[in-house]
Amino acid sequence: MKQKRAVELAPDELRAEAAVNEVLGTCRFDYDDQAEPGKADFLLDPFDGAGPKVALEVSSMTDPGRQGLWKGLDRHYDGPVPGLKGDWLVQFTPGVHVRKSATPLVELLQHLEREGVDRIGRDGWPDNTPPGEFPTPEHAENLRTLYTLKIVSAQRVRSDRASGRIFPFEVTGGIARHTADTISPYIDAFLGSDQGANKVKKLARYTDREGHLFVWADRGQLDVTMALRQGFVPVDSPDVPDSLHTVWFGSLNADQAVYRWTRSGWTIAVVTSWVPTLDVRVEG
């Protein structure tokens, strides 16, 4: 029988594991390599043998379609693109086909570089067309290419350190609140979903370990990012099943801070092991 190939861990899973390990002083004992059903994402043991043993599940509030989009974008544009001179911020839509759009997108950006054009977009970004006149046929063709690829805009970043990279981003709706009063309701909503119930059920099997659930906020939940960056601590608590010992709640746009809930309430934990990266996924 052919052995099943292990699934590669996603970046958000590794970031969650790194945060928990740093805060608790644990290290990986085992992880879900898809070799057996019902296994927790991570099993963590204390470095010194005196701390807690943890079963950790990692999840996200992001819609599955967008999760798939970003896994594809992160994988496809994780380094310099041959043939590009400058760095480009490219705004994608959820309907884009990452692999099929890759070559025509690079060809378009190369053409813009040759023509000295630094930005183009379907959202009214200006070109060289005088006010009141129609766009040039060339500019109109470039716009048609954007529509075909389901890309909203592209802007070149002028820098002496340019490495010929494409930095994807998307614009999502959200409201940034200057409080932390939405944090517990978000967790309540997640725990009440089928996805949350499955996570709790899986962790309940590990009676010899603390059950920890790490949830990533959707990138459109700007209130989570704002609250973490400002250090706002929720005063209420979510309705957490007895089988869960700790709930972690983080934002990929809030470096070095993550919410941690225990039976004593919410706190904010500082995470220094997360290496800051250029994140250009604009939200607003």
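## Helix H7 and its surroundings

Just after helix H7, Gly231 takes a positive phi of about 75 degrees. This is a predicted model, and H7 is a handy place to start looking around it. The helix covers residues 222-230, and its buried residues are Leu222, Asp223, Val224, Thr225, Ala227 and Leu228. Those residues pack against helix H5 and strands E9, E10 and E11.

## The seven-stranded sheet

Let's move on to the sheet beside H7. Seven strands form an open sheet with mixed pairing, and their order is E1-E2-E3-E8-E9-E10-E11. Strand E1 (26-31) and strand E11 (265-270) are at the edges and have a single partner strand each, so one side of each has no neighbour in the sheet. On average, neighbouring strands here are turned by 30 degrees against each other, direction ignored.

At the E11 edge, E10 and E11 run antiparallel and are joined by six bridges. Ala257 stands opposite Val270 of E11. Helix H6 packs on this sheet, where it touches strand E3 (54-60) and E8, and its direction makes about 170 degrees with that of E3. H7 also packs on the sheet, touching E9, E10 and E11, with its direction at about 95 degrees to that of E10.

## Two nonpolar cores

Which residues have the most contacts inside the largest nonpolar core? They are Ile187, Leu244, Phe249 and Tyr259, in a core of 27 residues. The elements giving two or more residues to this core are helices H5 (183-191), H6 (194-204) and H7 (222-230), together with strands E8 (210-216), E9 (246-250) and E10 (257-262). H5 gives the most, with four residues.

Leu244 is a nice residue to click on. Leaving aside residues up to four places away in sequence, Leu244 touches Leu191, Val200, Leu203, Gly211, Leu213 and Arg263. A second, separate core has 24 residues, including Leu69, Trp70, Leu112 and Ile166.

## The four-stranded sheet

Another open sheet has four strands in the order E5-E6-E4-E7, and its pairing is mixed. Here E5 and strand E7 (166-169) stand at the edges with a single partner strand each, so each has one side without a neighbour in the sheet. Neighbouring strands of this sheet are turned by 15 degrees against each other on average, direction ignored.

Within this sheet, strand E4 (residues 87-92) and E6 run antiparallel and are joined by six bridges. Asp87 has Val157 as its bridge partner in E6. Two helices lie across these strands: H3 crosses E4, E5, E6 and E7 at about 130 degrees to E4, and H4 crosses E5 and E6 at about 60 degrees to E5.

## A closer look at helix H4

How far apart are the end C-alpha atoms of H4? They are 18 Å apart, which agrees with the 18 Å that its 13 residues (137-149) should span at 1.5 Å a residue.

H4 has a buried side and an exposed one. His139, Asn142, Leu143, Leu146 and Leu149 are buried. Looking down the axis of H4, these buried residues fall within an arc of 125 degrees, so they line one face of the helix. The face turned away from the buried side carries the exposed residues Pro137, Tyr147 and Thr148. Among the elements covering the buried residues are helix H3 (98-115), strand E5 (119-121) and strand E6 (151-157). Just after H4, Lys150 takes a positive phi of about 60 degrees.

Key: Residues numbered from 1 in each chain as written. Predicted model: local features only at pLDDT ≥ 70, side-chain atom pairs only at ≥ 80, totals over all residues. Heavy atoms only, no water. Expected span 1.5 Å × (residues − 1). Buried < 20%, exposed > 50% of the residue type's maximum accessible area, 1.4 Å probe, protein only. Arc of directions from axis to C-beta. Contact = heavy atoms within 4.5 Å. Core = buried A, V, L, I, M, F, W, Y, C linked by side-chain atoms within 4.5 Å. Pairing = 2+ DSSP bridges. Axes fitted to C-alpha atoms, helices over the stretch in contact; angles between N-to-C directions.
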